[in-house]
Amino acid sequence: MNRERLACDVRDPEVVGYGRLPQRGERAAADTISRIGLRGTWAFRWAPTWDEARLDEGALAEPDGSWGAMPVPGVWELHGKGTPYYLAFRFPPALGVRGRRLGTIDPRDTPTGVYRRQVRIPDDWAGQRVTLRFEGVKSAFHLLVGGEVVGYSEGSMTGATFDLTDRAVPGEEITVVVVVHRYSTGTFLEDQDMWFLSGITRDVWLEAEPAHGPWDVAVTGDYDADSGLGALRVEVEGGRGTCRVELDGTVVADGPLGDGTTVLEASARVVRPWSAEAPHLHDVTVTTTDGTDVDVRHLRVGFRRVEIVGEELRVNGRAVVLHGVNRHDFHPVGIWDVPSDVRVQDIALMKRANVNALRLSHYPNPDEVYRLCDELGLYVLDEAEVESHGVRRRGIPGDRAAWQPSVVARVEAMVRRSRSHASVIMWSLGNEAGDGEAFRTAKRAVRALDPTRPVHYEGDTSLETSEVFSLMYPTPQLERAIGEGRDVRVGLWQNVLNALAADTKPFRAEQYTGMPVIACEYGHAMENSFGNVAAHVENFHRYPRWAGGFVWDWVDQTIDVPLPDGRVRRAYGGAFGERPTDRWFCANGVVAADRTPNPAYAELAKVYQHVVIARTSTGVRLLNRHTFDDLSGLELRWRVERDGELVGSGEVADVVTAPGTEREVPLPTVETAQPGLWTLTVELRRREGTPWAEPGHVAAWEQIELARTVPAADDGAGWEVLRAGHLVHLLREDRAVSVDVRRGAVTSLRVGGQELLLTPLTLNLWRAPTDNDRGLSNFAPALDAVAGWRAWRRATRRARVHRVHESAGGVEIEWRVRGVHARLGVAGAGQGIRLDLTVRSSRHDLVRAGLIGTLDPRFDHVEWLGRGPGENYRDRRSGSAIGRWTAAVPQLAHAYPHPQENGNRGDLERIELRGEGVTLSVRRIGGDPFEASVRPYPQDVLVAARYADELPTSGPATMSLDVAHRGVGGDKPGELLLQPEGRLPRGTRFHTAWLVEGKVS
């Protein structure tokens, strides 16, 4: 073995791999192929540097007892070998990113893992082609068999296959050695906003197939919408003998195989077209015969045509709008070894949330993902594993000739692997990797392999390579500007963000005129975020040139780390002591790493629904945004509720509406004269089940507020007001309320001699910061010391009573702090007390305005009338319906991996806390509907916690009652950037009056 040659392979960007077979589509289990899975425990040795790795013949031949062990698939950093790094747009310290170190690897930090396994070749494999296939290895590896170097491979997520036919002797054992390099020059193209981890990360297969059979078979199903006929094209690469093609059991083409690639075609076939809405698949069987040797391939083909017509992205002749998500193929335990049932769960959850498109960010996925998208129906933007985020502005790959082969090889591999899948409608040349000749060359390589699909690349600065105009994180305002054909301008602040990590580029309108527009990333869902998304979706449908977008992103990339007490920590960057780190930027998921939906999931499902329901004078109007579906599989159900109680309901069986059209559905009139909160809820439910949803699944819904009136409260008759020093007491029979006019707090609320407050109700103007609240300190942690949320916490703590006004009925307190004028009135009202809070800020937009306090520990359940059942905020509430909801106190908090503000419920009319022998009711009697949160811990505990497992899951309930609470934002990564619906603008008066009543037994 030439050790220096192996080292040079890793350091040379022009060496992409050798000894590998060309990429191909994965063969089906029913094909003429035998497989031995090599999943399991392998002998393993790890060295912190290349120089320390033992690779001599004697060391590799030592018995297993002198080796360690490592699971395959697996990553060695999670088994105590080296350090995990989570970095969103940077590289680990070993990789040179500037100056003379640019594009080089520090020889003092070159972790190397050596895997070994013996495999016996079955006797019946004689005369067959034998290959060894790796589905994924991070970041590069050399393969040795029988002590000889077979080949080398880069491209961590694309995989590699090697021909072992001449080395695999039936009936004998072979020794497979895999030398895995944590870093290679290929790593500079894999800065993909994910964990930097190493090892054999996915399955390894030893396979045997007929020697005469083709190496690859690729199928394309075209569909002519005008004639309703399909055409089949089958490309057979290699092989010898004769080939027969069957479509759904009927022979449609045959012929001898020639040198190179043989093309067999069948036209004018009557087929059912494929789309994400109706994913019809046809069976194709390709049989190659050479004498008595037979090779059979089974493929499923979807007949569809993807094209750009004018400024529209069309499938089967009709414009489509992509309701998309980005997805990392990730699991909190298996990392990139994702169990099959989890992938099925992902696609089913997407379909149930009205997602119709999936961007494979930022690398090709295992074949199973494409098969699921074919079968269940998702449009796929397939993406090559090319992202040089941290060095893209330093010319890697750019126009550097040395880096071009790697880019082209990765793009070609993507196309060859998945070109037979109908779900793939576009090829992406990579992500955030700059621009340059490498991508123009890569596009030509795509066109040579597949001329049928458009090419996407967001990094294209001239719009000469990409066939769609692709943007990242446009605001609704920018989307409207593009929709109206205006220039895209980059301001000073955006240039500052570009210097950190963003990549907003200026374009003239004439550059993108004539192209469809796509937001390849938008709606940043990092933990408590994902505000404003409805506005984006409306823009996608309002402007014909917009073809939709892909939310960032689907699943949190947190790693499950067992704790000594048996619990599990959801670890984000920095949890392993590593530096540098981009901390919680790996927690962007609409669903958690274990696939539990985060609060953003309900919002996604609502804003992505394909039917818009609007109120009319006689019923509702249905606008069908589907491209092909006429709603015949749905039925309409409606109900009218008063204060969450059912008043009337009904069904409408016929809601058939042609795609792209609307119709009115009359509904009975319901009298709403009685006081209360009246709502009409309309749902479109599936008549029958699908592979991804049960019968009755709600495909679309809308809720219309019919009336909202506030019942009057009793007056203060019977209450006595007493002053004792700085305390004002309100007394009536067995009820007593104490107000500290010096502190400005309701210090006691007693009913029947029992105290219901554990801590006083005090003014609250701050919240535990969300990730978006932190702003630039997400990128520069030192800035957190001067972050705006701290100023509001200080202001709350320093708030002093400015004026006190006593009257026969109660007391009124005024605070002035940081430009905020707040006034709280406390007075008796029937069997309860009236709290009347008004807040106005003259200098700054508010974060929140309300009262906060901790209650008697007996309160453990909550019922509320307002939006629910899940967490919602004023700019993320479309997916939360108004109703009467109940939950235990711990269920009202949402445990984000990085603890922050959570659990808010808005549009409230009342909230009632209950416990053994106690009840506390808070009802709106004036002003605006309010917001509230109830959590089993106080706000200071929340802000001090670093991980969700540090928060109590039980304890006295801390209740926040807010006259207003700002939104969470989400247009930009790690920025608040609130739209008007999420702001609490300075100069605005916020006011709510509550009736607070306690009961004991």
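The questions and answers below deal with two helices and one cavity in a predicted model.

Student: How are helix 5 and helix 6 oriented to each other?

Tutor: Two packed helices are described by the angle between their axes and the distance between the axes. Helix 5 covers residues 404-418 and helix 6 covers residues 437-449; their axes come within 9 Å and cross at roughly 30 degrees. Angles under 35 degrees count as roughly parallel. The two helices are therefore roughly parallel to each other.

Student: What is the handedness of the crossing of helix 5 and helix 6?

Tutor: The crossing angle is roughly 30 degrees. In passing helix 6, helix 5 makes a crossing that is right-handed.

Student: Which class of residue, nonpolar, polar or charged, has ten members in the contact of helix 5 with helix 6?

Tutor: On the helix 5 side, the residues in contact include Val407, Val408, Val411 and Val415, and on the helix 6 side they include Ala438, Phe439, Ala442 and Leu449. By class, the contact has two polar and three charged residues, and the ten others are nonpolar.

Student: How much space lies in the second largest cavity?

Tutor: Rolling a probe the size of a water molecule over the atoms shows where empty space is left. A search of the whole structure finds nine cavities of 30 Å³ or more. The space in the second largest one is about 90 Å³.

Student: Which strand gives the largest share of the lining of the second largest cavity?

Tutor: This cavity is lined by 14 residues, and Leu471, Met472, Asp503, Thr504 and Lys505 are the closest to its centre. By class, the lining has eight nonpolar, two polar and four charged residues. The largest share, four residues, comes from residues 469-472, which form strand 33.

Conventions. Residues are numbered from 1 along each chain as its sequence is written. This is a predicted model: local features need pLDDT of at least 70, side-chain atom pairs count only at pLDDT 80 or more; totals for chains, interfaces and linings use all residues. Side-chain values use heavy atoms; hydrogens and water are left out. Axes are lines fitted to C-alpha atoms, for helices over the stretch in contact, and angles run from 0 to 180 degrees between N-to-C directions. Angles under 35 degrees count as roughly parallel, over 145 as roughly antiparallel, 65 to 115 as roughly perpendicular and the rest as oblique. A crossing is left-handed if the near helix is turned anticlockwise from the far one by less than a right angle, and right-handed if clockwise. Contact means heavy atoms within 4.5 Å. Ala, Val, Leu, Ile, Met, Phe, Trp, Tyr, Cys and Pro count as nonpolar, Asp, Glu, Lys and Arg as charged, and the others, Gly among them, as polar. On a 1 Å grid over the protein atoms alone, a cavity is a set of points where a 1.4 Å probe fits but cannot get out, and a pocket is an open set with protein on both sides within 12 Å along at least five of seven lines; lining residues have an atom within 4 Å of a point. Grid points are joined across faces, edges and corners, and a volume is the space filled by probe spheres set on the points.
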